[in-house]
Structure formats: C-alpha cells, structure tokens
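Work through the exercises below with the model at hand. Each task is followed by a solution in steps.

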Amino acid sequence: MAMYGALTSPSLAMLTQSSAFGTISQNITNINTGGYKSSTTRFETVLASSYDSNSDVGGVKSYRVNNIEQQGGILSSTNPNDVAINGQGFFVLNTLQDGSGDTFYSRDGAFQLKTFGTDSVTGAYREDGSIDITGNASANLITFDHDLTYLADKNGNFLQGWVSDENGVVTTTSTPESIRVDRFAFLSDASATSKAYLTGNIPATRDVAGTNAFKASVFDADGTSRTFELIFTKTANAQEWTAHINSSDSNITSATPSSGATETLNFGTSGELSSGTKLTPSITYSDGTIVSFDIDLTNLTSIGSTYIYNGFDKDGRTPGDLQSYSFDEQGYVNGTFTNGVVRPLYKLPLATFANPNALENRQFNVFSETAESGTASLREVTLGTSFGAFIPFSHEKSNVNMGTEFNNMILAQQAYNTAATVFKTLDEMTSTAAGLKT
C-alpha cells in the first residue's frame, strides 16, 4: 500500500466504529421505548481501484441491520387503551383522520385518545339521565356540539381498523377507517320484546275462582317499558287454571287473552306444564302502541299452597349510547352500551410484510414500507391464528438487550482505539519521511 493511502484504512476504521457507537447509543437510549426495534451495525471490506503500480487502498465501511422481526418483551397494564402484538405484524396508522394521509406501521400499542373535530347532536334526556339521539323522542329535545374522539398513537397518528355492522360482522376486504370511540360514535337501537319467561308457582290448593297475579313489563319497538298484569284463575277442575291479561288497567285499551277469552292451562298430576307451553299476548295501550310477544310458561308450576314469583325475564332493550370499549385477543374493539348490549365496533388488522426488517425507520418510532420490504398485507386474526395475536391490557417493550449492547460497546471501543493507534503510528512515519529531506 502506498504511503499516501496508508492513512485510509485506520481513518475508515475510526469512522465505522463511530457509527457503531451511534447505533449502540440509539439502542440504549430507547431501551424503555415501547415497541422500539433495535439495530445492529455490520461491517464489510472496501477496496479501491489500483493506481499505477501501487497496491489497492483497503478499508472498511459500516451498514445497519434492523431487528424489526425480533419480539420485544410484553408487560401487563391496567390501561384499556393498551394492546400488544405477540408474533408477526404491525398496527396500521394514518396521519389524517379520513385515511388520506401517510400510512405508517408500528408495534407500539400504547394508544391514547385524540379529539378531532366536533359534531352537532340532537336528542332528548332519558329517565336515567342519558341522552337519546335515535330520533324516537319528540319532546324536550336539546341540541349541543360534541367532540369526536379517536384512538391514536403517541404521535397523534390515527389507529386504523375495519368497521363492523350493527350485527358485529366485519368485512375484511373493506378499507380500514380511523377508530372513533366517543359516546355517540355508535348507537345500540331499541328492540321490542319478542319472548319472555315466567318463573314461579301458583298454589294447587287455591279455591275455585281464586286468582294469582304476576306484574310484568316488556319493551315496545321504541324501547319504552310497557307494564301489564297477567292473571291466573283457578277453575273447578283439578290442576286447571285460566290465564288472561288484566285489561282493566287504565293504560290498556284492549288485550288478548282477555277475561272474556282466557287461555286454559292444565298442570297435570305433577304440577308442571308440558315443555314449550306458552301464551301469546297482544296488548294495545291507550296511546295506540301495540305489543305482541310470547311468554314461555315451562318454568311455572302449581304445587302446594305457596304463591311464588321468581321472575319475569325478557329479551328486547331500550336504545343505548356507547359507554366503554375494550380490545380482545382477535383484535376486536368491543363496545359496551348503556342498555347492556356488547358488540364489536371495529377489528384491528395486522399488517405483515415479506421482509419486515427492510422497513424504513421513520421519526417517532414508526415504519414505512419500502421496495425491499414489499407491500403490506392486512390480515385478520382469528382464534387459532398462528402468525400473531393481540394481548389486551399489555404493551410491548423494546427488544434491546442491554448485555449485548455493552458487549458491542466494548468491542467497538477496542477496535476504535486500535485504529487510532495505527493512525498515530502512520502519522509519525509520514512525519519522519517528510523530514528526511533535511
């Protein structure tokens, strides 16, 4: 190697080891950064072209390798906005609420709420103090502006998910949307009662024409609770009763079965009705509302001398607002409504890549796809999925190994010191050669 190129090799060595120190420093600095993926410095030989009869000028250069595929440890959390990925894949983020911005990918599932925009809401107060905006109410209407709230990462990028329909069905071929979770983001519509279950006992020893009444209520199509009274009357026959709706209630205009057209029930020697025995009442209320439903009497008995009313269970519901939400292992964002309904609102996709280590590191611990990484495939997590899963109430730590980083630091320091010594020696040799002329 010619003298003029002698300083090249140690100079490159010091530069590459400095780069290695930068990588180590970056890793150690982010050891507590959620979802951070470490990098490793690699080295390769550099050979310049020959000049005249001198040997090639050699050296080394560095390049970084991302350890994006390497899983970080998972810590439990009490924050409902935290969710970790165990296995492959990334959360999908977008810089704009409407999804038209830049798409980024992240492993950091420590999400937070972001207020973005407002909406005018018109509704009416319910009896429990909540606000009905279904349009069923016509009195005491109020109008107010309501903040829209979304799930976002720590940088304000909007978390993306597939939206579900009212039945909780998700179309995974649709375009993911920003996940909105404020109170009025979703509504649970009212549902009329279609089936009820009466449980209790009417005394077998009751005198002829003796009665027992069961007070109950059902929901109409608007979710309003409608009360009624179901009356059982003992006949002259053993274990035989009739049943009808009490239409003498001032709120009820007419009903079937009625006192003039009762339903006959026979409890038999066992004091039980045959399985599947039911009544099918139809009640017209004074405001013109009609409710029709089935009452399953399978669990009604006629035994002994004690009247027992264990309960009147029914389906149907009032309208409800979104009360809370939570993640599950399949990535569903499940909403709990004020009327007790729990159903999926969104489902998180997992973005996977052919070569995730080739993703580009971007500012604030997110990644973007490159030609080398390939394009993202949005995949659905289901029970039994092997490539990845979600862990609610958890977040992924960085995958930095402190022991490995300190070991690399020692090696880089020794290499740098050795290269510096070579550089100093060659500098002294050059100075001596320059002084030979005198």
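A salt bridge is a side-chain nitrogen of Lys or Arg within 4 Å of a carboxyl oxygen of Asp or Glu. The structure is a predicted model.

**Exercise 1.** State how many salt bridges the rule gives, and examine the one between Lys 61 and Glu 44.

Solution.
- Step 1: Applied to this model, the rule gives a count of eleven salt bridges.
- Step 2: In the pair of Lys 61 and Glu 44, the closest N and O atoms are 3.2 Å apart.
- Step 3: Lys 61 is in strand S2 and Glu 44 in strand S1, so the pair links distant parts of the chain, 17 residues apart.
- Step 4: Buried means under 20% relative accessible area and exposed over 50%, with partly exposed in between. Lys 61, at 43%, is therefore partly exposed, and Glu 44, at 35%, is partly exposed as well.

**Exercise 2.** Decide whether Asp 220 and Arg 226 are buried or exposed, then do likewise for Lys 278 and Asp 294.

Solution.
- Step 1: Asp 220 and Arg 226 form a salt bridge with an N to O distance of 3.0 Å. Both residues are buried.
- Step 2: Lys 278 and Asp 294 form a salt bridge at 3.5 Å, N to O. Lys 278 belongs to strand S19 and Asp 294 to strand S22, so this pair ties together parts that are 16 residues apart in sequence.
- Step 3: Lys 278 has a relative accessible area of 47% and is therefore partly exposed. Asp 294, at 22%, also counts as partly exposed.

**Exercise 3.** Check the length of helix H1 against the expected span, and find what covers its buried residues.

Solution.
- Step 1: H1 runs over residues 8–29, which makes 22 residues.
- Step 2: At 1.5 Å a residue, the helix should span 32 Å. The end C-alpha atoms are 32 Å apart, so the two values agree.
- Step 3: The buried residues of H1 include Pro 10, Met 14 and Ile 24. Strand S1 (39–47), strand S2 (58–66) and helix H2 (402–435) are among the elements that cover the buried residues of H1.

**Exercise 4.** Repeat the length check for H2, and identify the residue that caps its N-terminal end.

Solution.
- Step 1: H2 has 34 residues and reaches 49 Å from its first C-alpha to its last, close to the expected 50 Å.
- Step 2: Its buried residues are Glu 405, Ala 412, Ala 419 and Leu 426, and these pack against H1.
- Step 3: The cap is Asn 401, with a side-chain oxygen 3.0 Å from the backbone nitrogen of Gly 403.

Terms used: Residues are numbered from 1 along each chain as its sequence is written. This is a predicted model: local features need pLDDT of at least 70, side-chain atom pairs count only at pLDDT 80 or more; totals for chains, interfaces and linings use all residues. Side-chain values use heavy atoms; hydrogens and water are left out. Helices (H or I, at least four residues) and strands (E, at least two) are DSSP runs, numbered from the N terminus. The expected span of a helix is 1.5 Å times one less than its number of residues. Buried means under 20% relative accessible area, exposed over 50%, partly exposed in between (1.4 Å probe, protein chains only). Contact means heavy atoms within 4.5 Å. A polar contact is a pair of N or O atoms within 3.5 Å; within protein, one must be able to donate a hydrogen and the other to accept it, and residues adjacent in sequence count only if both atoms are side-chain atoms.
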